[in-house]
Amino acid sequence: MATNFGNIGSLSTYHGLQIAEPKVVFQWCVDQGLIASGYECPKCKRQMVLRPRRDISDGFNWVCRVRGQNAHHVKRSVRGGSWFERSNLPIPTILQFVIYWCVEMKSKFICEELNIGTATATDWASFCREVCQDILIWRSGKIGGPGIVVEIDESKFGKRKYNRGKRVVGRWVFGGVERGSNNCFFAVVENRTSEVLLSVIKEHILPGTTVMSDCWSSYECLSDEGFVHLAVNHSLHFVDPDTGAHTNSIEGTWSAIKRNLQGTNHVKGQFDSYMATYMWKRKHSTAQSRMESLLDMIKEVYPPRSKDKRKSRGKKGTK
């Protein structure tokens, strides 16, 4: 069965899946680890058989039919436990949405191209951003190291303005970028105290790193915490004339993030996921890299099931 549509970051791969036979789509997803290659019958513990079904978009489901002794007829979806499990969209449509999202196609184009509603597109974009958050939490390593410069800074996101008498309060974001690479970190913080910022720095920056910052008082302790600390007084210079310290890279990054956030309608309460997505896109600049990263994380967070989940037994108690 041919399942080779080209590389995983190619739009043509997912166009090909849209018009492919259901069993070819199934095998491609199995090859990528997105859905299970088999399923255990909960009744007889034998492997179920893949049977065609014309009334569902997947085209198949798992079936075990036994007559006579221990007679049973069990059916299971091929989507069990997977990222696709609770969606009614065809799997090729979901995959095509993801590649469009990775290459930053406009939402209007995606809806028209895939014939899906705005609410559906918004939901799947949120699901993709959630995976980016998982990547950030599970796989983010520390940056910097001896001889490496990391610029740090904080920025307020969300303009403080009055609109019909209501103030919009922004969020403080603390971040750092490593010079000469795409390595970076960002964290939403409640305040800019030395305790809060230092805890984030220790979590994300290796000891011995040369840390460059402005003269905010919360950074004064860095030299005592295993870092080489250089500061620039922005009220006097953009670049310190004695040490050459500056924070041009991180400040340029703030501008890029804010431009990126201004260009879209944002789902309320998901600011962190938008920040995580920006970081992920910064690190993975090509469609190939983005799709590999996303699909890799999706199958880790949503491992496909090959048998029914065991029902948890509640503990007996007395009233």
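Begin by selecting the hairpin of β2 and β3: five residues lie between its strands, and among the hairpin's residues Gly-68 takes a positive phi near 80°. Strands here (E, at least two residues) and helices (H or I, at least four residues) are DSSP runs, numbered from the N terminus. The model is predicted, so local features need pLDDT of at least 70 and side-chain atom pairs count only at pLDDT 80 or more, while totals for chains, interfaces and linings use all residues. Residues are numbered from 1 along each chain as its sequence is written, and side-chain values use heavy atoms, with hydrogens and water left out.

**The sheet around β2**

Select residues 60-66, which form β2, and 72-77, which form β3. These two strands pair in the antiparallel sense over six bridges; strands count as paired if DSSP finds at least two bridges between them. Trp-62 stands opposite Arg-76 in β3. Next add β1, residues 49-52, which pairs with β2 in the antiparallel sense over four bridges. Here Pro-52 stands opposite Phe-60. Is β2 mostly covered or not? Five of its seven residues are buried, where buried means under 20% relative accessible area, exposed over 50%, and partly exposed in between (1.4 Å probe, protein chains only).

**The largest core**

Now select Tyr-14, Trp-28, Trp-83, Leu-95, Phe-97, Trp-101 and Leu-295, the residues with the most contacts inside the largest nonpolar core, which has 49 residues. Such a core is a set of buried Ala, Val, Leu, Ile, Met, Phe, Trp, Tyr and Cys residues joined through side-chain atoms within 4.5 Å. The elements that each supply at least two residues of this core include α1 (11-19), α2 (22-32), β2 and α9 (287-301). Its largest share, nine residues, comes from α3. In soluble globular proteins, nonpolar side chains tend to be buried together.

Centre the view on Trp-101. Leaving aside neighbours within four places in sequence, Trp-101 is in contact (heavy atoms within 4.5 Å) with residues including Ile-110, Cys-128, Trp-280 and Leu-294. Apart from the largest core lies another, of 30 residues, among them Phe-185, Ala-187, Ile-250 and Tyr-274.

**A buried serine**

Move to Ser-82, in the loop between β3 and α3. Ser-82 is buried, with a relative accessible area of 4%. Which backbone oxygen does its side chain reach? The side chain of Ser-82 reaches that of Arg-79, at 2.8 Å. Beyond four places in sequence, Ser-82 is in contact with Leu-34, Ile-35, Tyr-302 and Pro-304.

**Salt bridges**

The whole structure holds ten salt bridges, each a side-chain nitrogen of Lys or Arg within 4 Å of a carboxyl oxygen of Asp or Glu. Select Glu-151 and Arg-179, whose closest N and O atoms are 2.7 Å apart. Glu-151 lies in strand β4 and Arg-179 in the loop between β7 and β8, so the pair ties together parts that are 28 residues apart in sequence. Glu-151 is buried, at 0% relative accessibility, whereas Arg-179 is partly exposed, at 28%.

Then select Asp-296 and Lys-299, a salt bridge with its closest N and O atoms 3.9 Å apart. Both lie in helix α9, three residues apart, about one turn of the helix.

**Where to read with care**

Finally, colour by pLDDT, the predictor's confidence in each residue, from 0 to 100. The protein averages 87, and 90% of the residues score at least 70. Over residues 160-168 the pLDDT stays under 50. Over residues 315-319 the pLDDT is also below 50, and this stretch has zero contacts beyond near neighbours in sequence. Where pLDDT is low, the predicted coordinates should not be read in detail.

Methods:
Polar contact = N/O pair within 3.5 Å; in protein donor to acceptor, adjacent residues only side chain to side chain.
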